[in-house]
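User: I'd like a close look at a single part of this protein, the one helix that catches my eye in the middle of the picture. Could you walk me through what surrounds it and then widen the view from there?

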Amino acid sequence: MYADVILPLPLPGFFTYRIPEILVDEAAVGKRALVPFGKSRFYAAVIRRIHEQKPQHYAAKEILSVLDELPVVNQIQLSFWEWIADYYLSTCGEVMAVALPSAFKLASETKVELHPDFSGDISSLSAKEVCIVEALDQKKTLSIGQVEKILQKNYVVSQIKNLIEKGVVSICEEVTERYTPRKENFLLLAPAYASDLHALSDVLEALEVSSRTQSQADVLLLLIADLNKKKTDCLRKSEFLKHEQVTEGKLSTLVKKGIVVVQSMEISRLQEFERKQTPESIRLSSCQQQALNEIKEKFLTHDKVLLHGVTGSGKTEIYIKLIQETIQAGKQVLYLLPEIALTMQIINRLRAYFGNEVGVYHSHFNDMERIEIWNITLKKGERDYKIILGARSAIFLPFVNLGLIIIDEEHDYSYKQFDPGPRYNARDAAIVLAGLHGAKVCLGTATPSLESYFNARKNKYALVSLFQRYGDLQLPQIRLIDVRKERRDKRMHSHYTQTLLTAIEQALLRKEQVILFQNRRGFSVHLECKLCGYIPHCKNCDVTLTYHKHPGKMRCHYCSYTDTIPAGCPQCGHPLLDMHGFGTEKVEEEIRVFFPDARIARLDHDSTQAKQAYSRILDDFENQKTDILIGTQMVTKGLDFDNVSVVGILNADNMLHYPDFRSLERSFQLMMQVSGRAGRKNKQGLVLIQTNHPGHEVFEYLRNNDYYTLFNRLLKERMMFRYPPLFRLVKVTLKHRKSSILETGSSELAESLRLRLGSAVLGPEYPLISRINNYYRKDILIKLSVDKQLRDNKSFIVEQIRNLSRNPVCKSIFVHVDVDPYG
């Protein structure tokens, strides 16, 4: 018997291994198998197919062991992986690498050990070599990283190689299982007393006879009371020790006497939650009920429905009703959100209605927690998640009976994965996943992506509209502030107009909250010498360094290089460097000066590095412990705060003038979404937009909430210039440390692509940032018609890239392919 397996490596195709007779009964599709690969490495591969076809051109190596009792990946997942690899021009190995939790992806680690024939003579060894031998006497094996720490240097291959040649050490490969269940000690009554009340009564009387053992009797009585109160036969030892009268010594004595037993048990790392109310308690408005009825009606003829509902219209309540009906039918639900920050609020709302039936899955969980969620989704064990809520990685969970996928904020750019590959869009992939399961999809947003609205217009999706805010509240009033005029009238205070500051002050006096949106983090965009114009740049990338005041450093947002603030200009010695531009960190500092009594918080990438930082900042704002929330686009995405009356967009122009064919669409979406945070419960909100170009067309669309006109205008433009959704884009990025080799390779690839695709191939061109992390970059953009030749054309692109790698001059060029590169 033979098995085709998927290895977590960016290599095309499957790899065939022979299944030893002893493992034939254990091997099954979807299980992990430990296999040798190359000369000495070992990997945990996923079995894709079992067959009897012996490889023709090579002798198949043997599978070493099967790692799982039950499959960790199901057949639908494997088909889904293959679709992603095929559509996004990647490999199944790359998909496996991003799909499985890290603890499932075992790979051998090179270890150093003493050679069995080593005599122990160290007289001919150098001092550093002796250090390695002495460490091996203590630990028996050392990883390469441990040897580097011992010698306090980064490159130790030469020392290890010398020791191998001298017969002192040898190399081995070691594989260790990363996942370990969490265990905790529990207390139980010994079997003799748990089932015999008379025996238990006798032992209590015996303990109460003496004053020396009375305290033990008290502890035993307390344990019995706790077990009865919780209606269980075991109790966590750590929990029981919290009682004042219970000590480790008294408990140990009861254990030694055989009255109490301590038993180690597996426990979950995941919290449990109680249901606080039922979905039946939700009272929908007439508009919401009509939308819900339309969705259910459309599901009879369409598998995919686009819910176009304005901000604050109550889409979440409609989702909850759909979820309830799906789980009552015995099926699972996947609820996708674009940002981890957004999951925090929705988690609490869903758990209030569904309790422990809700599971959460995203990258802020550690490996052990992610595997537990994976196993629960696969229905291994007692717990059962009927609803999974998560960011884009949640599409890879092993659903067994998926009935509904909800894609909230479906327009959001964060659904797109960039690095590492495969560079998939979770929204589009989720629709394919639903098709594999025979599930329904509900896409919801106030600002649909052009692709989704286009699909609705073409009747691929059904369309349901909800244009009335819950409680008949009006949409926020949008007011434009002409920054040029304010500057002429001397009504600017740093980066803030007097109109904006007055609105914030009035909101604070009314005990209302404010959100300020600035889509750039850091303190200052860059520093510049007033005299000679010198600007500090990243030494690894072609970008300026952003000044971050909190750590007091300049930082590159592409490679994370940091540098100290120079005391003066390094070029001319001038003592002053001016700050240009402003980010959220500077806004926070300056707003504190204007409103010293206000409670201010910042929500951006820098302020949310800790695991609980998202929830802490949002909980404080929701509970009105924060008056002003300053943030990047994290504050625009579906958050629901009752008391926000004013939203300020501090610089609308940097979004409008970004060189991207989607800049108008994205600007409209971002500003409409952040505007929707205002006035959601009590009264009409106010949105103030600071701009140098108040006559720009996007503001007219915003004020009238006129998505339909914007859609028609953009669709004509996309047709004229051959852009999505009418055409498909493929971006090929080439990277190399030497610009001359990159020039040669990129030109050669572009010319080979033009042989078949002609004028559809644009470039190669340097992107806006032509060097990142010391790699020069060039892009080739390919515009493909959506027709029968699309698949063949994509295959042709892959073939030409493989041909380039066969060229001796160009084989060291890194090539990345991104299908649908702009989301």
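Analyst: The buried residues of helix H16 (residues 450-457) pack against S12, H15, S17, S18, helix H22 (663-675) and helix H24 (707-721). Please keep in mind that this is a predicted model. The buried residues in question are Leu450, Glu451, Ser452, Tyr453, Phe454, Asn455 and Ala456. That is seven of the eight residues of H16, so the helix is largely enclosed by the rest of the structure. A residue is called buried here when its relative accessible area is under 20%. After H16 comes Asn459, which has a positive phi, near 70°.

Three of the neighbours of H16, namely S12, S17 and S18, are strands, and they belong to an open sheet of seven strands. Following the sheet across, the order is S14-S15-S13-S16-S17-S12-S18, with parallel pairing. Its edges are strand S14 (358-361) and strand S18 (462-466), each of which pairs on one side only. From one strand to the next, the twist averages 20°.

The pairing of S18 is worth a look, as this strand is among the elements that H16 packs against. Strand S12 (residues 304-309) joins S18 in the parallel sense through five bridges. Within that pair, Leu307 of S12 stands opposite Val464 of S18. Helix H15 (residues 426-437), another neighbour of H16, packs on the sheet and touches S12, strand S13 (332-336), strand S16 (402-408) and strand S17 (440-445). The direction of H15 makes about 165° with that of S16. S12 and S17 are thus named twice in this picture: they are touched by H15, and the buried residues of H16 pack against them.

Let me now compare this with other helices. Helix H20 (residues 613-622) has Ala613, Tyr614, Ser615, Ile617, Leu618 and Phe621 as its buried residues. A spacing of three or four places is worth looking for in such a list, because an α-helix has 3.6 residues a turn, so residues three or four places apart point the same way. Gln624 follows H20 and has a positive phi, near 60°. In helix H13 (residues 340-354) you will find Arg351. With a relative accessibility of 15%, Arg351 counts as buried. Arg351 also shows how the chain comes back on itself: Ile387 is 36 residues away in sequence, while the two C-alpha atoms are 9.8 Å apart in space.

For a helix pair, try H3 and H5. Two packed helices are described by the angle between their axes and the distance between the axes. Helix H3 (residues 127-139) and helix H5 (residues 157-165) pack at about 75°, and their axes are 10 Å apart. H3 and H5 are therefore roughly perpendicular to each other. On the H3 side the contact involves Lys128, Glu129 and Ile132, and on the H5 side Gln159, Asn162 and Leu163.

Antiparallel pairing turns up elsewhere. Strand S3 (residues 32-37) is mostly covered, with five of its six residues buried. S3 runs antiparallel to strand S4 (residues 41-51), and six bridges join them. Arg32 has Val46 of S4 as its bridge partner. The two strands make a hairpin with three residues between them, and Gly38 in the turn has a positive phi of about 75°. S3 also pairs with strand S5 (residues 65-66), again in the antiparallel sense, over two bridges. There, Ala33 stands opposite Val66 in S5.

A further open sheet has three strands in the order S24-S25-S26, with antiparallel pairing. Strand S24 (546-548) and strand S26 (562-564) stand at the edges with a single partner strand each, so one side of each is left without a neighbour in the sheet. The twist in this sheet averages 35° from one strand to the next. S24 and strand S25 (residues 553-555) are linked by three bridges, and Thr546 has Arg555 of S25 as its bridge partner.

Finally, the whole protein. It has 26 helices and 36 strands. Its radius of gyration is 31 Å, close to the 28 Å that the globule rule gives for 823 residues, so the protein is as compact as a globular protein of that length. Buried residues make up 53% of the 823 residues. Of the contacts with a separation of 6 or more, 74% come from residues 24 or more positions apart.

Methods
Residues numbered from 1 in each chain as written. Predicted model: local features only at pLDDT ≥ 70, side-chain atom pairs only at ≥ 80, totals over all residues. Heavy atoms only, no water. Buried < 20%, exposed > 50% of the residue type's maximum accessible area, 1.4 Å probe, protein only. Helix = DSSP H or I, 4+ residues; strand = E, 2+ residues; numbered from the N terminus. Pairing = 2+ DSSP bridges. Axes fitted to C-alpha atoms, helices over the stretch in contact; angles between N-to-C directions. Contact = heavy atoms within 4.5 Å. Rg over C-alpha atoms; globule rule 2.2 N^0.38 Å. Parallel < 35°, antiparallel > 145°, perpendicular 65-115°, else oblique.
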